[in-house]
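Thanks for sharing this one. Here are some notes on helices and charged side chains, to read with the model open beside you.

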Amino acid sequence: MEIPSKYEPNRVEEHWYQYWTEHDFFSSKPDEREPYTIVIPPPNVTGVLHMGHMLNNTLQDVLIRRARLLGKNACWVPGMDHASIATEAKVVAKLKDEGIAKTDLSREEFLKHAWDWTNEYGGVILQQLKKLGCSCDWDRTKFTMDDDMSASVIKVFVDLYEKGLIYRGFRMVNWDPEAKTTLSDEEVIYEEKQGTLYYLAYQIEGSDEKVTIATTRPETILGDTAVCINPNDERYHHLRGKKVIVPICNRVIPIIEDEYVDIEFGTGCLKVTPAHDENDKNLGDKHNLEVIDIFNEDATLNSYGLHYQGKDRFVVRKEISKELEEKGFLVKTEQHTNKVGTSERTKAVIEPRLSDQWFLKMENLAKPALDGVLKTNDVKLYPKKFENTYRHWMENIRDWNISRQLWWGQQIPAYYFGDGKDDFVVAETKEEALEKAKSKNPEIQASDLRQDADVLDTWFSSWLWPISVFGGILEPENDEVNYYYPTSDLVTGPDILFFWVARMIIAGYEYRGKRPFENVYLTGLVRDKQRRKMSKQLGNSPDALKLIEDFGADGVRVGLLLSSAAGNDLMFDEALCQQGKNFANKIWNAFRLVKGWEVDDLPQPEAAKIGIEWYTAKFNQTLAEIEDHFSKYRISDALMAIYKLVWDDFCSWLLEIVKPAYQQPIDKTTLDAVIHLFEQNLKILHPFMPFLSEEVWQHIAERTPEQALIVSQWPKQGEVNAAIIADFDFAAEVISGIRTIRKEKNIPQKEALELSILNSEKVGDKMDAIITKLGNLSTITPVDSGLDGALSFRVKSNEYFIPISGAIDIEAEIKKITEELNYTRGFLQSVQKKLSNERFVNNAPEKVVAVEKKKAADAEAKIETLEKSLASLG
């Protein structure tokens with residue numbers, strides 16, 4: 001194959017992705033190998049690729065591709081979540097544009113539209129993940145509304161109900177008036193907002209006296225059914241047993257007493273609205289108060305709202321406060337900061353609402369999941385700092401409100417047949433429901449059964465994901481679930497640590513008696529350079545596909561990971577993608593250089609032999625470092641170690657060491673060794689840069705599909721020769737010293753230099769061949785004392801001398817060294833002054849003092865060298 005002059009990511013990526021899929025390299029079936037399994041955090045079916053997905057899925061692909069190279073049976077299960085609230089909102093909006101209201105449709109008609117929408121727009125994100133290089137087993141793609149997935153959800157609901165863990169209750173719930181559904185506590189985001197505290201005067205019945213009450217929600221006075229005072233509050237003892245008149249609606253309500261009232265807050269008098277506040281509901285239950293719900297499901301006011309009926313709650317707040325003021329009920333207002341609950345999905349302000357809902361008892365279910373993370377370490381969280389968050393959530397867990405007032409989702413398998421509170425049965429099918437109902441009432445017909453209209457919370461399907469994708473709920477002993485479960489790693493964001501991760505752990509212990517995964521790697525959020533979270537609203541989120549087009553998938557993958565430390569937020573900068581692209585080009589150019597060398601049957605030069613020995617040691621050292629990083633889920637650090645190895649050690653050093661002279665051939669022994677080391681580099685690069693590495697690998701030699709890089713073997717750990725690495729590091733400093741002198745004195749590289757060495761460090765001559773080649777030296781001569789008329793530099797306590805050729809201006813050189821000497825003496829003086837200050841030495845940290853002492857020692861050594869250089873020139 002002809003090697004193109006430039007690396008062309010767009011052509012290469014399409015070609016190799018097709019090649020990998022054609023040869024089934026991503027597919028996995030149970031066999032004798034050790035399984036390595038990841039289930040994808042299923043993106044919403046409505047989703048498109050954004051920066052968070054890019055990071056998350058790049059990390060998963062790195063882990064999967066590495067596991068494949070390690071000889072494991074790597075299985076990465078892709079899929080999508082039906083996302084009840086988000087998808088239903090999109091379908092409703094689409095219908096609205098077509099002039100159709102959801103209320104005009106039957107459930108079946110609406111679901112047909114929802115499926116049409118899903119089939120047309122859903123799954124776009126999975127196609128986009130292919131552009132990123134994700135090596136998922138696409139034949140295993142799952143959707144949380146697939147028939148078998150839905151059947152698993154229904155089976156679990158029935159099972160938990162029969163165990164007495166699911167119950168129906170009339171409770172105060174979080175109501176999203178935009179989506180017109182209830183939400184679980186975890187789906188409510190609390191934000192501090194500036195509001196107003198309204199002080200309202202309620203008249204005491206049969207008296208001219210008034211009592212003042214503070215509220216942030218004047219519109220809810222229309223639902224007031226009591227005023228509450230603290231029995232210990234002496235200010236209000238005279239009001240015991242009396243009644244007040246609610247402004248505007250003129251309802252007469254009792255004054256009740258309860259220690260729940262905070263004497264210090266507001267006026268110490270509390271209006272009680274049991275239908276619209278959870279604490280008020282508790283008071284209402286305790287004191288047998290009437291419950292008056294003033295809101296419709298969209299948070300407009302109903303008939304209890306009197307002349308405000310049909311108006312939105314926030315419109316009414318403005319209007320009623322004006323009316324209260326006009327009628328003399330509004331005493332005063334104050335600015336007030338309070339926490340307002342908003343819907344995670346629709347951003348609507350949550351309304352507390354009394355409603356019949358389904359709940360799952362969580363306390364006992366959560367215990368094994370709490371112990372599995374915090375006691376037995378059965379499930380490990382990376383970074384470990386998230387254990388505290390996990391503990392807090394799990395120890396304060398509340399019953400999970402699992403019903404949603406939507407149509408898109410798994411319909412709750414409860415069937416009603418009468419008007420009584422207990423006139424229902426729970427069953428997997430309508431036929432089973434009929435049998436169960438007949439045992440309660442033999443007269444019942446199938447036509448008498450009405451299925452609950454609500455669907456289950458989306459998370460109630462995705463909490464089963466690691467089990468249900470392998471059929472483990474419907475067939476608990478099937479071969480797939482027994483082989484792949486528990487899965488290996490989970491990569492996700494900390495924002496769904498409770499929503500999803502904790503609940504999967506709960507389901508795993510409940511339904512398999514085992515953890516669902518061993519390790520949870522929690523990524524940070526992707527932020528911009530100004531540390532702002534990326535969002536459509538801010539317009540600071542780059543188009544993910546455009547980045548791939550501009551920088552290549554490998555460039556973007558490298559760019560993302562270079563800016564992403566485990567569990568910390570990622571400050572994304574497009575310049576990092578450019579760095580990734582530059583890295584790809586560097587590797588490509590290195591490959592073209594090597595392939596451009598002609599080979600001949602020549603003896604191997606000493607420099608090449610030593611260089612290869614050194615790089616092999618360096619590779620093994622880096623490989624150990626990479627293994628350590630992977631074991632701690634420091635994926636970015638692993639990439640950085642590879643980046644430095646390939647860019648600095650391989651391209652900048654080794655290739656220079658082995659490069660033949662201009663238009664001269666290379667010996668076969670060296671070329672074979674360099675190609676082998678290049679291939680080792682490609683293997684460790686492959687998880688991070690799959691396309692480029694496969695392209696170079698396939699250009700190096702003719703390969704069969706079985707010899708493709710994607711299914712090759714991860715390098716085996718070899719001995720680390722620390723001595724040769726240390727020797728080379730020293731030699732590299734010597735070479736840098738020679739190069740600095742050439743640069744400063746404008747001595748061309750082709751002009752061979754003589755080097756003399758005053759070897760105080762007793763350094764061996766093993767690296768002399770490399771120093772000679774890279775420094776272009778004619779000789780290296782040991783000397784017992786410094787040379788006159790020579791330029792010098794120092795590496796540790798060794799001194800190196802290069803005789804001055806006629807091209808150097810002695811006068812200018814003396815002037816330059818004198819200036820540097822004067823500056824260094826001044827610097828040494830300032831450091832010594834600091835070190836002679838007892839307060840500094842006694843109070844500064846040891847490390848700081850040590851740094852200053854080292855500065856002084858270095859300056860003294862430099863002064864000595866400069867003085868010798870000056871003497872030799874004189």
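Throughout, buried stands for under 20% relative accessible area, exposed for over 50%, and partly exposed for anything in between, with a 1.4 Å probe and protein chains only. The model is predicted, so local features need pLDDT of at least 70 and side-chain atom pairs count only at pLDDT 80 or more, while totals for chains, interfaces and linings use all residues. Residues are numbered from 1 along each chain as its sequence is written, and side-chain values use heavy atoms, leaving out hydrogens and water.

1. Let us begin with helix 2 (residues 51-69); helices here are DSSP runs of H or I with at least four residues, strands are E runs of at least two, and both are numbered from the N terminus. Of the 19 residues in helix 2, 18 are buried, so the rest of the structure largely encloses this helix. Its end C-alpha atoms lie 27 Å apart, in agreement with the 27 Å it should span; the expected span is 1.5 Å times one less than the number of residues. Just after helix 2, G71 has a positive phi of about 85°.

2. Helix 19 (residues 606-631) has 26 residues and covers 38 Å from first to last C-alpha, close to the expected 38 Å. Y633, just after helix 19, also deserves a look, with a positive phi of about 60°.

3. How many salt bridges does the structure hold? There are 54 salt bridges, each being a side-chain nitrogen of Lys or Arg within 4 Å of a carboxyl oxygen of Asp or Glu. One of them joins K327 to E323, with the closest N and O atoms 2.7 Å apart. E323 is buried, because its relative accessible area is 11%.

4. Please also find K766 and E613, whose salt bridge has its closest N and O atoms 3.2 Å apart. This pair links distant parts of the chain, 153 residues apart: K766 sits in the loop between strand 28 (753-758) and helix 24 (768-775), and E613 in helix 19. Both ends are partly exposed, K766 at a relative accessible area of 35% and E613 at 30%.

5. A salt bridge between E656 and K659 has an N to O distance of 3.4 Å. E656 counts as partly exposed at 30% relative accessibility, and K659 is likewise partly exposed at 30%.

6. Finally, a network of salt bridges links R217, E219, R313, R317 and E351.
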